[in-house]
Amino acid sequence: MNENELQSLIHSWENLNVIVCHISNHPEYLDMLVKIALDDNQSENYRAVWIVEKVHDLHPELVLPYFPVMTRFLMTTQNSGKKRHLLKLLSLHSIPEENIALLLDFSINIFTNTVEEIAVRVHAMQILFNIAQKEPGFTRELIGLIEHEMELHGSPGIRSRGRKLLRKLYAQK
């Protein structure tokens, strides 16, 4: 399979689960998939990020090496679907020390931006929580930030995740 064939298969939702299974069994195609996923030139490429997430669900060790390049791409993409999936993937793991400052600033901006989709903001909040686990001095500030967003811009998703994270943060304080 070449890149054009994979790109063509991604255009149909019916093929996505087949692609997940195929790439899980043939990880040599993951480079090609990530290249497509991190290309903002075609709107359907967000499906490739979805496939990367599903491969991660089955075999996280295959996707972890791509986290640095996915983190850099996350900072530039305007595609909400890609942001949602990439933030979710990053939120499932401990943030590497070298990315804490970058993701802290980015996640605060995303979490407090009411124009962003709720799911994108919720995953950014989770990343901020993960950072607070490594940087306890950030806990108090994060509590205030979550409380503020829940009060002023609290959708059901923000409030639900916010309450769960606040319970954990209060227990640590």
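In the predicted model, the largest nonpolar core comprises 55 residues, of which L33, I51, M70, L142 and I146 touch the most other members. The greatest contribution to this core comes from helix 9, spanning residues 118-134, which supplies 9 residues. For M70, contacts beyond its neighbours within four places in sequence are formed with L38, V52, V63, L86 and L89.

Two of the residues with the most core contacts, L33 and I51, also take part in the packing of helix 3 against helix 4. The axes of helix 3 (residues 30-37) and helix 4 come within 7 Å and cross at roughly 135°. Helix 3 is therefore oblique to helix 4, because angles between 115 and 145 degrees fall outside the roughly perpendicular and roughly antiparallel ranges. The crossing of helix 3 past helix 4 is left-handed. On the helix 3 side the contact involves L33, V34, I36 and A37, which meet A48, V49, I51 and V52 of helix 4. The residues of this contact comprise 8 nonpolar, no polar and no charged members. V52 of helix 4, which belongs to this contact, is also among the residues touched by M70.

Helix 4 (residues 46-58) packs in addition against helix 2 (residues 16-25), at an angle of about 50° and with the axes 9 Å apart. This angle makes helix 2 oblique to helix 4. Helix 2 passes helix 4 in a right-handed crossing, whereas the crossing of helix 3 past helix 4 is left-handed. Helix 2 contributes L16, N17, I19, V20, I23 and S24 to its contact with helix 4, and helix 4 contributes R47, W50, I51, K54, V55 and L58. By class, the contact of helix 2 with helix 4 contains 8 nonpolar, 2 polar and 2 charged residues. I51 thus appears in the contact with helix 2 and in the contact with helix 3, in addition to its place among the core residues that touch the most other members.

L58 lies in helix 4. Apart from residues up to four places away in sequence, L58 touches V20 and S24, both of which are listed for helix 2 in the contact of the two helices. The C-alpha atom of L58 is separated by 20 Å from that of L9, 49 residues away along the chain. Beyond helix 4, P65 occupies the loop between helix 5 (60-63) and helix 6. P65 has a relative accessibility of 57% and therefore counts as exposed, the cut-off being over 50%. Its C-alpha atom is 17 Å from that of N25, with the two positions 40 residues apart along the chain counted as their separation.

Helix 6 (residues 67-74) contains T71, which is buried at 2% relative accessibility. When neighbours within four places in sequence are left aside, T71 is in contact with L90, N99, L102 and L103. One of these partners, L90, belongs to helix 7 and is listed in the contact of that helix with helix 9.

Helix 7 (residues 80-91) and helix 9 pack at an angle of about 25°, and their axes are 9 Å apart. Helix 7 is accordingly roughly parallel to helix 9, and the crossing is left-handed. The residues in contact are S80, K83, R84, L87, K88, L90 and S91 of helix 7, together with A119, V120, H123, A124, Q126, I127 and N130 of helix 9. This contact of helix 7 with helix 9 divides into 6 nonpolar, 5 polar and 3 charged residues.

K82 is also located in helix 7. The relative accessible area of K82 is 0%, and the residue is therefore buried. Not counting residues up to four places away in sequence, K82 touches I36, A37, L38, D39, D40, N45, Y46, V49, F73 and T77. Among these partners are D39 and D40, as well as I36, A37 and V49, which are also named in the contact of helix 3 with helix 4.

Finally, I143 is placed in helix 10 (residues 139-153). With a relative accessible area of 5%, I143 is buried. I143 and G162 are 19 residues apart in sequence, and their C-alpha atoms are 9.1 Å apart in space.

Methods. Residues numbered from 1 in each chain as written. Predicted model: local features only at pLDDT ≥ 70, side-chain atom pairs only at ≥ 80, totals over all residues. Heavy atoms only, no water. Core = buried A, V, L, I, M, F, W, Y, C linked by side-chain atoms within 4.5 Å. Buried < 20%, exposed > 50% of the residue type's maximum accessible area, 1.4 Å probe, protein only. Helix = DSSP H or I, 4+ residues; strand = E, 2+ residues; numbered from the N terminus. Contact = heavy atoms within 4.5 Å. Axes fitted to C-alpha atoms, helices over the stretch in contact; angles between N-to-C directions. Parallel < 35°, antiparallel > 145°, perpendicular 65-115°, else oblique. Left-handed = near helix turned anticlockwise from the far one by under 90°. Nonpolar A, V, L, I, M, F, W, Y, C, P; charged D, E, K, R; others polar.
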